[in-house]
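User: I would like to learn how to read individual features in a structural model. Could you take me through some of them, giving the general idea before the case at hand?

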Amino acid sequence: MNTIRRRHVLVIAAAHCASAFAALGLPPYLGVLLPQLGDPSARWAGVLYVVPTLFAALSASMWGKLADRFGPKPLLVRAQLGLAAAFGLSAVAQDLPTLVVALVAQGVLGGTYSASTAYLASGLAGEPLTRALAIMQGSARTALVAAPVLAGLLAGVLDVRQMYGLAALLPLGAALVMLRMPAPVRSDGARPHSDGSATTDGDGAPRSSVTLAGLCMAEAGFVLVTVSTYPYFVPLMHLVAPWLPAWAPGVLFAGPHVLYLVFAALVLRVMQRRARIGLTIAYVAAAASAVIHVIPVFVPGPGTLAWIVAGRVLLGAALAVGLPALSLLAAEAAPHHPPGRLFGRVETSSKSGAVLAGGAASALATLAPAALGPAAPLAVPLAAGAVLACAARRLTKTRTVLSHKVPVPDRSFT
């Protein structure tokens with residue numbers, strides 16, 4: 001019996017979107033907060049920006065294994081309460097070490113996205129799981145677009161620590177909602193065995209699937225080619241189009257994520273059984289977007305805005321095609337791996353890709369000539385996108401795997 005309905009999926013997605021508010025909307029304000037904590041020049045802002053991501057990458061696999069042991073629901077509640085505690089600590093920080101501890105706690109104790117997807121994979125399979133994963137990506141994109149806008153509006157009436165305090169209430173509320181959600185039951189034919197485990201199919205026959213390593217590399221690569229330029233997009237706009245109104249860079253930044261929200265459902269229907277082609281197209285689109293973005297740096301003129309808009313549309317195409325492709329591949333792999341371990345490893349790969357992207361982009365921006373500074377990180381998606389487009393089919397090659405045994409959760413944790 002399948003206990004997860006569409007309304008449950010929507011609740012999980014909404015809870016994740018709410019929990020992600022501070023994680024996505026407040027890091028840009030570290031430069032404002034740090035002078036209040038004893039760092040007048042905010043020289044640690046860049047390092048602290050990636051601290052939660054780094055520690056999330058280090059801890060995600062551990063939480064995934066615990067989700068398989070104790071069940072995904074209590075681990076999802078744990079992640080939401082962990083975020084609430086971390087944001088609360090940021091709200092009361094009076095010095096830099098306390099803020100560092102809070103950001104480390106945010107990375108270690110959070111992980112609401114991987115916990116949410118593990119919950120969904122524990123109760124859904126096949127096309128319903130693919131749709132649920134696409135909805136989760138939509139919640140992440142919604143948060144990425146809305147959180148900076150809301151934070152900007154609140155910044156006029158609240159200081160940064162007050163915003164962290166307000167944000168702590170969101171995952172706390174999400175945790176309370178989750179307590180009323182059902183514990184998921186797999187719907188793909190899994191059945192208990194006398195040895196206290198379950199197999200993913202009725203006959204134990206081998207099936208073909210993308211490997212876990214291939215899925216993780218595809219995920220890390222996609223993050224690498226799509227997020228490298230995030231911290232440098234607004235400075236790039238100031239470099240190539242200083243005449244734009246103050247709100248325009250934010251709108252242009254959000255554009256690709258809005259395109260994903262508009263077209264993801266259609267692309268998902270079109271790309272059934274074409275995930276590998278879609279992923280290849282996404283890598284190509286990300287590399288082409290980097291080329292288009294850099295043209296106004298070397299060829300300034302009246303067409304600057306048109307080039308930038310074209311580059312944002314291509315990045316939007318990369319998101320709208322690549323994220324559904326990854327959802328399809330994850331749903332393909334789900335029957336062959338414990339859900340916590342699967343999505344914990346995927347989250348580790350995603351965060352590792354983000355850390356690598358941030359480090360490479362920062363190094364390029366620092367070492368490049370001043371005139372090229374914020375455009376230099378575009379070399380990352382250009383080079384990585386070209387390489388990954390050539391390797392995508394091999395990375396995600398279908399291989400025959402044996403059905404795994406999924407441990408029955410130890411409900412004593414609850």
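User: Is Cys390 buried or exposed?

Analyst: The model is predicted, and the label follows from relative accessibility: a residue over 50% counts as exposed. Cys390 reaches 71%, and therefore counts as exposed. Cys17, by contrast, is at 21%, so that residue is classed as partly exposed.

User: How many disulfides are there?

Analyst: The criterion is a pair of cysteine sulfur atoms within 2.5 Å, and by this rule the count is 0.

User: Which residues touch the most other members of the largest nonpolar core?

Analyst: In soluble globular proteins, nonpolar side chains tend to be buried together. Here the largest nonpolar core holds 62 residues, and those that touch the most other members are Ile12, Tyr119, Leu120, Leu129, Leu215, Tyr283 and Leu342. The biggest contribution to this core, 11 residues, comes from helix α13, residues 304–333. Another core, of 25 residues, lies apart from it and includes Ala22, Tyr29, Leu83 and Tyr164.

User: What does Ile12 touch?

Analyst: Once residues up to four places away in sequence are set aside, Ile12 touches Leu76, Ser116, Tyr119, Leu120, Met136, Met178 and Met181.

User: How is the length of helix α7 to be read, and where does a kink lie in α7?

Analyst: One compares the distance between the end C-alpha atoms with the span expected at 1.5 Å a residue; for the 29 residues of α7 (residues 126–154) the expected span is 42 Å and the ends are 41 Å apart, which agrees. There is nevertheless a kink of about 30° at Ala146, shortly before the proline Pro148.

User: What do the length and the kink look like in helix α11?

Analyst: Helix α11, residues 248–270, has 23 residues and extends 33 Å from its first C-alpha to its last, close to the expected 33 Å. A kink of about 55° in α11 is centred on Phe263.

User: Which residues of α11 are buried, and what covers them?

Analyst: An α-helix has 3.6 residues a turn, so residues three or four places apart point the same way. The buried residues of α11 include Leu252, Pro256, Tyr260, Ala264 and Leu268, and also Phe253, His257 and Val267. Among the elements that cover the buried residues of α11 are α7, α10 (233–240) and α13.

User: How should one read the loop residues Asp39 and Leu26?

Analyst: It helps to take location, burial and contacts in turn. Asp39 lies in the loop between α2 (30–33) and α3 (45–70), and its relative accessible area of 1% means that Asp39 is buried. The side chain of Asp39 reaches the backbone nitrogen of Trp44 at 3.2 Å; leaving aside neighbours within four places in sequence, Asp39 is in contact with Leu34 and Trp44.

Leu26 is found in the loop between α1 (6–25) and α2, and is likewise buried, with a relative accessible area of 0%. Although Leu26 and Met163 are 137 residues apart along the chain, their C-alpha atoms are separated by 7.9 Å. With the same sequence neighbours left aside, the contacts of Leu26 are Phe21, Ala151, Met163 and Tyr164.

User: What is the phi of Arg273, and where is its place?

Analyst: Most residues other than glycine have a negative phi. Arg273 is not a glycine, yet has a positive phi of about 65°. Its place is in the loop between α11 and α12 (275–298), where Arg273 is exposed, with a relative accessible area of 84%.

Note on methods:
Residues numbered from 1 in each chain as written. Predicted model: local features only at pLDDT ≥ 70, side-chain atom pairs only at ≥ 80, totals over all residues. Heavy atoms only, no water. Buried < 20%, exposed > 50% of the residue type's maximum accessible area, 1.4 Å probe, protein only. Core = buried A, V, L, I, M, F, W, Y, C linked by side-chain atoms within 4.5 Å. Helix = DSSP H or I, 4+ residues; strand = E, 2+ residues; numbered from the N terminus. Contact = heavy atoms within 4.5 Å. Expected span 1.5 Å × (residues − 1). Bend = angle between axes of the 7 residues up to and from the residue. Polar contact = N/O pair within 3.5 Å; in protein donor to acceptor, adjacent residues only side chain to side chain.
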